Every structure is written in structure tokens, then in C-alpha cells.
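Reader: Could you walk me through the side chains here, starting with the backbone oddities and then going on to charges and rings?

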Amino acid sequence: MGFRQSSEAGLLLVNIRQLITLRSSNEGPRRGRDLSQLGAIESGAVLCVGGKIASVGKTKDALRDSWIRKNRRKIREIDCAGKVVLPGFVDSHTHPAFTAPRLADFEQRIAGATYEQIAEAGGGIRSSVEGVRKATRAALANHVLEALSQMLAQGTTTVEAKSGYGSNLDAELKSLEAIRDAARQWPGTVAPTLLGAHVVPREYRGREGKYVRIVCHEMIPRAAEGKLARFVDVFCDRGAFSSESAEHIFFAAREHGLGVRAHVCQLSHCEIAPLLKYDPASLDHLDHVSDDDIAALAAQSTMSPAYQTVATLVPGANHFLGLGRFADARRLIDSGVPVALATDYNPGTSPTASMPFVLSLACTHLKMTPAEAIAAATINGAHALRLAERKGSIEPGKDADLAVFDVADYREIPYWMGANRCAMVIVAGRAGAGNREIAG
Ligand SMILES: [Zn+2]
């Protein structure tokens with residue numbers, strides 16, 4: 001990736017036109033009006049030392065700082081004149097462990113077939129399973145790394161990566177190993193998730209309970225034992241797994257010390273209250289959420305951040321499926337539910353690695369403001385991965401993961417629809433190329 005193994009004392013970004021820090025005195029995920037508080041600094045500067053953010057402020061103060069003046073020769077300085085700097089995006093929902101795009105599904109959908117009709121006809125998630133079962137771990141790892149590289153080039157420095165196209169013990173473990181292999185070659189941070197319960201595989205059709213027992217008694221213990229996953233996910237919906245199965249899976253995950261998250265209410269409403277007992281880090285999609293669910297999520301604001309649940313919205317899937325309906329982000333935000341945004345990168349319903357594109361969709365279709373979309377894609381994404389102590393804002397002590405955008409105003413990031421204006425990324429205090437590197 002061209003990241004410098006630095007022998008320098010630090011990295012100093014100066015003359016940042018808008019430094020979007022997302023700093024806050026509140027420890028929990030952002031709710032309501034707090035979601036649009038960006039903590040912007042005009043003509044800002046950031047000093048990164050030892051992979052962490054050391055100080056944040058105005059350029060004129062940084063240049064007067066005695067430590068910086070004393071170490072100036074050993075500090076690499078980057079002039080960000082006219083540019084915007086954000087925390088690197090935290091993409092908290094992706095499915096990169098697959099082998100091929102689903103082009104036949106794409107054409108069938110254009111011709112009018114629905115997601116569920118395509119799945120019934122043998123397309124959908126099950127058609128990706130065959131490819132993953134046959135693939136070597138190295139081939140899968142290459143695919144994951146390619147996806148991670150595309151994400152990094154567009155400003156994403158932390159990614160949650162799910163298995164889920166293996167649907168048997170060996171292929172799910174192979175997928176998680178491939179994610180680990182790719183993560184070791186990528187400068188950013190990867191949070192791996194076991195999604196053994198993505199689809200009931202053909203050989204268990206009509207025997208969901210039996211398959212769920214394999215997830216609980218074989219996949220989860222092996223993933224935990226091999227330290228291959230931080231989270232366990234389940235697709236809980238019509239045509240996927242029941243709430244009862246999701247509870248069994250969450251219980252097993254907790255028994256093995258793994259965090260939990262779930263796909264819920266994408267195609268139809270399902271009860272989320274029983275799942276909240278297991279303190280999921282995130283519940284994702286929520287296109288068909290009820291008033292009671294919203295009240296339950298909003299009521300968590302007084303709990304410790306370690307137990308709060310973020311609502312992660314993935315408008316790329318609604319867009320790619322051609323749905324007229326999107327999650328009701330305004331109702332969620334205005335009711336006090338913490339909202340995050342993610343790509344849902346996957347071959348069937350959201351083949352995009354671009355967080356800027358997702359921000360654009362969030363503004364246009366979810367009626368989120370550009371400021372809310374940026375906070376949802378950074379600090380709330382970090383909360384959705386229980387990584388907010390290290391990620392998601394530009395504050396002293398956090399990991400020095402930054403994205404430099406070649407725009408004069410943060411609102412241009414969602415505005416230039418489909419464009420990649422990421423000029424550079426900084427990961428753990430080291431500078432590497434985004435779309436176009438700027439001279440350092
Ligand atoms: Zn998903």
C-alpha cells in the first residue's frame with residue numbers, strides 16, 4: 001500500500017481547512033441532536049505520535065508548540081491546505097468473503113424479480129455458497145484483501161467483515177481464516193464476525209433447528225477457540241432465521257465470550273425486544289421497525305456504552321434492490337436511537353465499497369444531514385463495533401486513523417455523488433495513498 005515504516009518522531013498535518021474531530025464529552029453513541037455535532041476546527045492541525053493522536057488544535061498553536069518546534073526535523077509535515085480531514089470511516093457491516101459477483105441475479109432483478117423470488121429460483125445467498133465452499137483459503141483471502149483495499153482508497157480505515165457464504169463448519173472457518181489472512185496484510189483494523197446463520201443451506205432445507213444446532217455447538221465454539229471472530233451475527237427475517245433461532249445463537253455466542261449483532265427487519269417486521277437482552281452491539285437494516293422497538297432502543301441512553309445497541313442503516317442495499325422504501329432514519333434519530341451507516345458490501349444486494357456513496361444515499365433517501373451522515377459513518381460506526389475507545393473521532397489518545405478529502409467543505413463528500421475525493425489516508429499515524437496522494 002506504500003505505507004511508510006516511519007523512523008520519524010511523528011506526523012503533523014497542518015493548515016487543514018476543516019478538521020472534523022467528532023470530539024465529545026459524552027461517552028456513548030451519538031443520539032438526537034448530538035449526531036450533528038462535528039467538532040469542526042478551521043485551519044486545524046493534528047499531531048500523530050507512535051500510531052496515536054497526540055494533539056489536536058489550530059495550526060498556529062501547533063507551530064508554536066515547544067515539543068513540535070524542538071522535534072521539527074524529525075516530524076513529517078503534510079500541508080492539507082484547502083482540504084478536509086475526518087476520522088477514517090468505520091464501515092461496521094460488510095460481507096467480503098465471497099468469490100464472484102452475482103450478475104445473473106442482477107439481470108433478473110432488472111427484469112422485475114424480487115429478492116425473495118431470486119432466492120427461490122436458486123440465486124441469492126445460496127448461489128454464493130457453492131463458490132466459497134470450492135474456493136481455496138488463499139483465493140478467498142485475496143478477494144477479501146481486494147475489497148479492503150478498495151475501502152481504504154475511499155477513506156475507510158476500520159471494517160467489520162463477516163463470513164456467511166460457507167454455511168457449513170469447514171467453509172465458515174475457512175472464510176474467517178481468509179478474513180484474518182487478509183487483515184494481516186492490510187494496514188487498517190478488521191473486526192471479524194461469524195455469520196454462520198446467514199441462510200439455511202440446501203442440505204438442511206426445512207430443518208432450520210438442526211442447522212442452528214451446528215452453528216451453536218460447532219461453529220461458535222471453534223470460532224471462539226481459534227480467536228477467529230469478535231462477534232456472531234444472524235440474519236433474522238422472513239425466509240431466513242426466526243427470532244427463536246437468533247436467541248439460541250446469541251446465547252451460545254455469549255457462553256463463548258463473543259459479542260453479538262444481527263440483521264433484522266429488512267424484509268418484514270420481527271420482534272427485536274427478545275434480542276436486546278443479549279446486549280447486541282448493533283441491529284442492522286431496520287426497514288420495518290415498530291414504535292415499541294424504537295422506544296426500547298432509545299431507552300438505552302442511560303446504560304453504559306458497553307451495553308448500548310446501535311441501529312446500523314445500510315441504504316446501499318435498498319438502492320441496489322431498487323426498493324422505494326428505505327429505513328426511516330429521521331424517526332429513529334429524532335426518537336433518540338443512535339444510528340450508524342455502513343456499506344453492507346456484498347455480492348447480492350450492495351456491491352459497493354464506498355462509504356462516501358453511502359453518505360450520499362443517506363442524505364438523499366434517509367433525509368440525514370451531511371453532518372449526521374458523517375457522525376454515523378465514524379463515531380457511531382465505532383460504537384457499533386465496541387471500538388469507540390480507539391476509533392471514530394480525532395481526539396488525543398485514539399488511534400491515528402484519518403482520511404484527507406480533496407474538498408473545501410465536508411458537505412461536498414456526500415454531494416459529489418459516486419466520486420472518490422479521498423486524497424490520502426493515515427493509518428496508525430502512517431500516511432499512504434488514498435485516491436490521489438498529496439505531496440508530503
Ligand atoms: Zn448484511
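Reader: Where does His-285 lie?
Author: His-285 lies in strand E11, which covers residues 282-285, in what is a predicted model.

Reader: And what is phi like for His-285?
Author: The phi of His-285 is near 90°, which is a positive value in a residue other than glycine. For background, most residues other than glycine have a negative phi.

Reader: Is His-285 buried or exposed?
Author: His-285 counts as buried, because its relative accessibility is 2% and the cut-off for buried is under 20%.

Reader: Which residue in strand E1 has a positive phi as well?
Author: That is Asn-15, which is not a glycine either and has a positive phi of about 60°; its place is in strand E1, residues 10-20. Asn-15 has a relative accessibility of 31% and therefore counts as partly exposed.

Reader: Switching to charges, how many salt bridges are there?
Author: The count comes to 23 salt bridges. In general terms, side chains of opposite charge can pair when their charged atoms come close.

Reader: What does Glu-203 pair with?
Author: Glu-203 forms a salt bridge with Arg-133, and the closest N and O atoms of the two are 2.9 Å apart. This pair links distant parts of the chain, since Glu-203 sits in the loop between strand E8 (189-197) and helix H8 (208-225), while Arg-133 is in helix H5, with their positions 70 residues apart in sequence. Glu-203 counts as partly exposed at 38% relative accessibility, and Arg-133 is partly exposed as well, with a relative accessible area of 30%.

Reader: Staying with helix H5, what about Arg-126, which salt bridge does that one lack or have?
Author: Arg-126, which lies in helix H5 (residues 125-134), is buried yet has no salt bridge. The nearest side chain of opposite charge is Glu-120, at 5.8 Å, and this explains the missing bridge because the cut-off between nitrogen and carboxyl oxygen is within 4 Å.

Reader: So what is Arg-126 in contact with, beyond its sequence neighbours?
Author: Leaving aside neighbours within four places in sequence, Arg-126 is in contact with Ala-119, Val-199, Val-200, Pro-201, Arg-202 and Arg-205.

Reader: Which partners does Arg-331 have?
Author: Arg-331 forms a salt bridge with Asp-291, where the closest N and O atoms are 3.0 Å apart. That pair also links distant parts of the chain, with Asp-291 in helix H11 (residues 291-298) and Arg-331 in helix H13 (residues 329-334), 40 residues apart. The side chain of Arg-331 also meets that of Asp-328 in a salt bridge, at 3.7 Å from N to O.

Reader: How exposed are those three?
Author: Asp-291 counts as exposed, at 55% relative accessibility, whereas Arg-331 counts as partly exposed at 29% and Asp-328 counts as partly exposed at 34%. Elsewhere, salt bridges that share partners join Lys-52, Arg-390, Lys-391, Asp-399 and Asp-401 into one network.

Reader: Now the rings, how many aromatic pairs does the search find?
Author: A search of the whole structure finds eight aromatic pairs. One of them is Phe-98 with Tyr-165, an edge-to-face pair with 6.3 Å from centre to centre and 80° between the planes.

Reader: Why does that pair tie together separate parts of the sequence?
Author: Phe-98 lies in the loop between strand E6 (89-91) and H3, and Tyr-165 in the loop between strand E7 (156-162) and helix H7 (169-184), so the pair joins parts that are 67 residues apart in sequence. Both Phe-98 and Tyr-165 are buried, and ring pairs link these two with Tyr-345 into a cluster.

Reader: What is the geometry of Tyr-415 and Trp-416?
Author: Their ring centres are 4.9 Å apart and their planes are at 85°, so that pair is edge-to-face. Tyr-415 counts as exposed at 57% relative accessibility, while Trp-416 is partly exposed, with a relative accessible area of 35%.

Reader: Last topic, which residues form a nonpolar patch on the surface?
Author: Leu-103, Phe-106 and Ile-110 form that patch, and together they have about 320 Å² of accessible area. Phe-106 lies in helix H3, residues 103-110, and counts as partly exposed at 34% relative accessibility.

Terms used
Residues are numbered from 1 along each chain as its sequence is written. Side-chain values use heavy atoms; hydrogens and water are left out. Patches are made of residues with over 30% relative accessible area and no salt bridge: like charges are joined within 9 Å, nonpolar side chains (Val, Leu, Ile, Met, Phe, Trp, Tyr) within 5 Å. Accessible areas come from the Shrake-Rupley method with a 1.4 Å probe; for residues, only the protein chains shown count as cover. Helices (H or I, at least four residues) and strands (E, at least two) are DSSP runs, numbered from the N terminus. Buried means under 20% relative accessible area, exposed over 50%, partly exposed in between (1.4 Å probe, protein chains only). Lys and Arg count as positive and Asp and Glu as negative; His and the chain ends are not counted. Contact means heavy atoms within 4.5 Å. Rings of Phe, Tyr and Trp (its six-membered ring) pair if their centres lie within 6.5 Å; planes under 30 degrees apart count as stacked, over 60 as edge-to-face and the rest as tilted.
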